[in-house]
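Here are a few notes to go with the model, set out as numbered points. I hope they help you find your way around.

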Amino acid sequence: MRIADSLLVVGLICPWLVWAGLDENAQGFGEYADQWRPDPMHEYWDPERYHRPESGRVEGVFQGEACLECHLVVTPGIVKEWRSSRHAQAEQPVLCPACHGADHAQLSLPGVKICGGCHPERLAQMEEEKQYGFPSHALAMERAVDSRHFADKPKAEVTACLQCHSVASKCDSCHTRHRFDAAEARRPEACITCHSGPPHPDDEAYLAGAHGQRYRQEGKNWDWSRPLRQGNYAVPTCAYCHMKDGNHQVADKAVWKFGIREINPESAENQIKRKRWQVVCVDCHPPEVGAVFFRALDVERSESWRKLYEVERLLKGLRSDALLTPSARERPPYPMDWLARVFPRERIGFYEGQASAFYNVSAIERDYFELWYFTNLGLYKGMAHGAGEMVRRYQERMDDEVWAIREKVGRMIKKGGVNLVPLWMKGEYTEFNRDHN
Amino acid sequence: MRIADSLLVVGLICPWLVWAGLDENAQGFGEYADQWRPDPMHEYWDPERYHRPESGRVEGVFQGEACLECHLVVTPGIVKEWRSSRHAQAEQPVLCPACHGADHAQLSLPGVKICGGCHPERLAQMEEEKQYGFPSHALAMERAVDSRHFADKPKAEVTACLQCHSVASKCDSCHTRHRFDAAEARRPEACITCHSGPPHPDDEAYLAGAHGQRYRQEGKNWDWSRPLRQGNYAVPTCAYCHMKDGNHQVADKAVWKFGIREINPESAENQIKRKRWQVVCVDCHPPEVGAVFFRALDVERSESWRKLYEVERLLKGLRSDALLTPSARERPPYPMDWLARVFPRERIGFYEGQASAFYNVSAIERDYFELWYFTNLGLYKGMAHGAGEMVRRYQERMDDEVWAIREKVGRMIKKGGVNLVPLWMKGEYTEFNRDHN
Amino acid sequence: MRIADSLLVVGLICPWLVWAGLDENAQGFGEYADQWRPDPMHEYWDPERYHRPESGRVEGVFQGEACLECHLVVTPGIVKEWRSSRHAQAEQPVLCPACHGADHAQLSLPGVKICGGCHPERLAQMEEEKQYGFPSHALAMERAVDSRHFADKPKAEVTACLQCHSVASKCDSCHTRHRFDAAEARRPEACITCHSGPPHPDDEAYLAGAHGQRYRQEGKNWDWSRPLRQGNYAVPTCAYCHMKDGNHQVADKAVWKFGIREINPESAENQIKRKRWQVVCVDCHPPEVGAVFFRALDVERSESWRKLYEVERLLKGLRSDALLTPSARERPPYPMDWLARVFPRERIGFYEGQASAFYNVSAIERDYFELWYFTNLGLYKGMAHGAGEMVRRYQERMDDEVWAIREKVGRMIKKGGVNLVPLWMKGEYTEFNRDHN
């Protein structure tokens, strides 16, 4: 308690203690760099870009042993974590300066590049993802800030998004500092901190299925130091299937892309991806089990897209009849959408640009967005992870929402759309955003 | 990796590998057999009815040792699971052919009958449930497909239902193949794979209460090989109370039937069922604790049914005043409901047939359905498992919904119901379903 | 089974067995004592106030050994729990009569006072909370029953509230009887039985963040007998931060008060509270991490309150224009609200009395209540526990709800509010409540 007490006193009298490393004038980056500014947490989420060394507190150049001596008192938890790591137990221990530098006035926060210096294969695997497009871990940060809606949405929302999308920038999203444990990252908990909630309820899906059931029962007693290889685990976890053998490239089996778009599962490329999946399944199941499973998934996807297209057609009908109110002409275009300033047009459906339709759209367009992005994706995740009860629930939700939209469209046709003008569309939303970005 | 690689190659060149055992012309069964067809997964959900042996891949007759030799390479996970089972460790091991047959061209997938051959007492206990009516595990499959709404709902939804209802047809819903472990089935995870989500949030209820709290803390360290008997577990789990001593009959204590219907807890039959419950409680609590608990449950149930009846009365008033739009005359009857074709009539409330009112009803009838089936049942489950916080939440939800219905009824009376005609009712829904079943 | 069988028989023939200790004429307490009556469970929730000794079943005066002899047969689970406790293992064991008394006809259920007799420091710490105001454990029961809405809400709801609020009255909310284990109470499960669900989704928040991730992975293997002190736990749990060193006073660091009200985080008092927090963070993190974290929290809070105030202004506009229907004049005042009988007035916003606006308000006032009490508080909890994905989700929900209210206000202005009169407001609700309290 004495150390804590003195720290309390220090804290009370030293206001500079509460100011951290992000430059006050730090700028956004990417396509819409001018439209946003990082907040203080960005220093941790994207350290190679935003961390600025502190100065003034402790000065001097320290090699590892001296760091430990002092930090054992100041931050013993970190030292303890590091001591339990392979970094500490190696014949040539990886000491603090290896990642943070030795000059205390110029300390760095390590991002993927510093880790990749010693683990080039893992970094290369992650980088390899980029050829498969989004979604991917490697593209998580840049695709987030380069989205049109990133410039348009309230900053508090997209800032929260970046906390998870920082997986592209640093390794301790999965390997908690300073232990950096492979065993930790093999466990579902490492994944579901981010892979939860709509539109990616992977936790719900995995834990609700038969694989997750066994994991919940027994996983605590498994030997997680064993590689993700056939025979080492009674049932698969997230990483077992998606990162087999510790491969940090998770994209080369991704057929349905989170369920965001319709794809042709029979295309040559997707047939190859599908085979890659089936190779994982046969670690435990006869080959036909995986085959039936993927066939059932395709049937569900095809049926769900039929429903989504049906709703798209209804909305396109409203657009043709000029019943979408406010229309694209009546509301401010996305700031970055230069084309829309000249040719304003409702973008209905994924292929016309639905992915940017979070906000600044009429109520019925938003309804469709939620159907597609939340319910449809949740249903896909449940189906893909064999979570029967969840599938039932999301199937019901999907049908409920389809019917609610149909009903609403019917009323709009009757009333000429008049009754559904949302107040906040009339310029206010975008102005509001501009003022607070 | 070499085996996996060669499997990949095999998979790519052998399309017949991806075709499994369900007969393409397989028919539905039960009262509405003509109205639906099984999908590929039915082979696994109801194997005695739908599994059709594959042929063409491997031929020959094998006794156990030969099976193992090959499958140790092809599907080592399964072999490992079996080796850890009592089947493998018995003096006379129960080898593969005992359940699957020996002729590889005629392999069977075992359902309850094959398991019951060696475990007749367990099968008899489950069968005994049938005398207590639904809900029950033993009736789960046939009651599902014999429901009127099974023929009317979109097939994707009811198919998802069957995944869990397959508990009636096979034993590996709870005892994962090929370990078939009693210890596994004793744990809550074995149950909550299905017993989750509305209308049966048993996972939420159990885990939120004091029993579940202790289980979450310590359950991982309990010795689950011990029978479900007094003194063996610090707090009860699902199976401890509902399947005491491993009794596979779960229905003889069921007083409130999931909360679906109002019952008289004072009837002679229910008094006996209640006493059977109290006998379980006294394993840990003085008798009056169980008594107070059940009294509180009865009070809640009586209060909740008072609310449900109040809403029923409002809806019956709308029906009398011909304000339910569309009325039963205006919408297509359930295909199987011959009587309704001649005498169309809104069925309001459980005793008139609310259990079939998932769809094809007016919006306000659906509201009542959700109040009764989701909120009311969730409240019951919370109360029955002592989950205080959950009870508070569902009480609020119930009252919110009752008030929303009151308000809507008030508006309907004012407007003559005109404003609430749902578009999709006008025949489309049923036609749509017919086309896709 | 023989004991259970005979108990069954006893139960069937002895109706008095099912009647427990609460006096049939027991009265409410607190400011609104006349407005409510305790239900049977109150005996357990507030034993010092409501437990009434049973009589008639077993008579006599017993010292500990005699108690155990009999209860080892009647309630072996309890005896087993006690035997595993420090009470049993002490040199001078704390036997049954120490807490329950020796006269079987006058047995007591112990509340905080009896426990505090031997643990005065812990009781004093809890009592110390009272100087910091609500929320607090120590005030949980009295503030609940002294709330104006306690007298107005349906009793089933507020009764459910009291199950958790009983934490003020007894110690086994966290230390399960009869083991009364400190190790148990140190674990998150002890807290989240109550701290879950809106408006206090602490379980969701903790388990979704990085701390919770590690706990979920490894917590089962930690040595929970160790005190909540630096170096003993890899990551903090609820109690580690909020009850450091086992301090049973949880209020002296509470800056934002659950997010219920806006505060000035720069006030001298809050600066001191904040420093107390930072002292906890430095157990593991360099001081600037805590500082950045709290700064981000303040930014979020300030932004959220800006939104809440914006909505308040909209509602105040409706009030000025007499568009809130029903108005305070048109609906029955809260029974206890004497001033409102003379000067009826909509209370909009926390500072005007929003905390009592659960019910008996117009639809739009309720919308605001839900925004403030459920969404805003959930967002705060996510932010305060570093649960990025949850923050994103609640940020979206908050913005959605703000926009929905704006839209509704726009429609009300257009229509003069006429369309939104809720039926149930016209006196019925309060009457209904009165009849059933």
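1. Let's begin with the fold of one chain. Chain A has 23 helices and 0 strands. Please keep in mind that this is a predicted model. Of the 437 residues in chain A, 44% count as buried. Looking at contacts in chain A between residues at least 6 apart in sequence, 63% of them join residues at least 24 apart.

2. Next, the nonpolar cores. The largest one holds 75 residues, and the members that touch the most others are A:Val311, A:Leu318, A:Ile364 and A:Ile405. The biggest contribution to this core comes from helix α21 (residues 363–384) of chain A, which gives 10 residues. If you would like a place to zoom in, try A:Val311: beyond its neighbours within four places in sequence, A:Val311 is in contact with A:Tyr368, A:Leu371, A:Val402 and A:Ile405. There is also a second, separate core of 74 residues, and B:Cys238, B:Ala254, C:Leu109 and C:Cys164 are included in it.

3. Now to how the copies are arranged. A turn of 120° with a shift of 0.0 Å along the axis lays chain A on chain C with an RMSD of 0.0 Å. These two copies are therefore related as by a three-fold rotation axis. Which residue of chain A comes closest to the rotation axis? That is A:Lys220, whose C-alpha lies at 4.2 Å.

4. On the contact between chains A and B, chain B supplies 37 residues and chain A supplies 40. On the chain B side, the elements giving two or more residues are α1 (2–13), α5 (76–83), α12 (155–165) and α14 (188–192). Of these, α12(B) gives the most, with 6 residues. By type, the chain B side divides into 21 nonpolar, 8 polar and 8 charged residues.

5. Do the copies' surfaces deserve a separate remark? I think they do: because only 3% of the interface residues of chain A are also interface residues in chain C, the copies meet through different surfaces.

6. Finally, a loop residue to look at. C:Ile263 sits in the loop between α17 (238–242) and α18 (268–281) of chain C. Why does C:Ile263 count as partly exposed? Because C:Ile263 has 18 C-beta neighbours inside 10 Å, whereas a buried residue needs 20 or more. Setting aside residues up to four places away in sequence, C:Ile263 touches C:Val255, C:Trp256, C:Lys257 and C:Asn270. The C-alpha atoms of C:Ile263 and C:Asp298 are separated by 9.8 Å, with the two residues 35 apart along the chain.

Note on methods:
Residues numbered from 1 in each chain as written. Chains lettered and ligands numbered in written order. Predicted model: local features only at pLDDT ≥ 70, side-chain atom pairs only at ≥ 80, totals over all residues. Contact = placed C-beta atoms within 7 Å. Helix = DSSP H or I, 4+ residues; strand = E, 2+ residues; numbered from the N terminus. Nonpolar A, V, L, I, M, F, W, Y, C, P; charged D, E, K, R; others polar. Buried ≥ 20, exposed ≤ 12 C-beta atoms within 10 Å, placed from the backbone. Core = buried A, V, L, I, M, F, W, Y, C linked by C-beta atoms within 7 Å. Least-squares fit on C-alpha atoms with pLDDT ≥ 70 in both.
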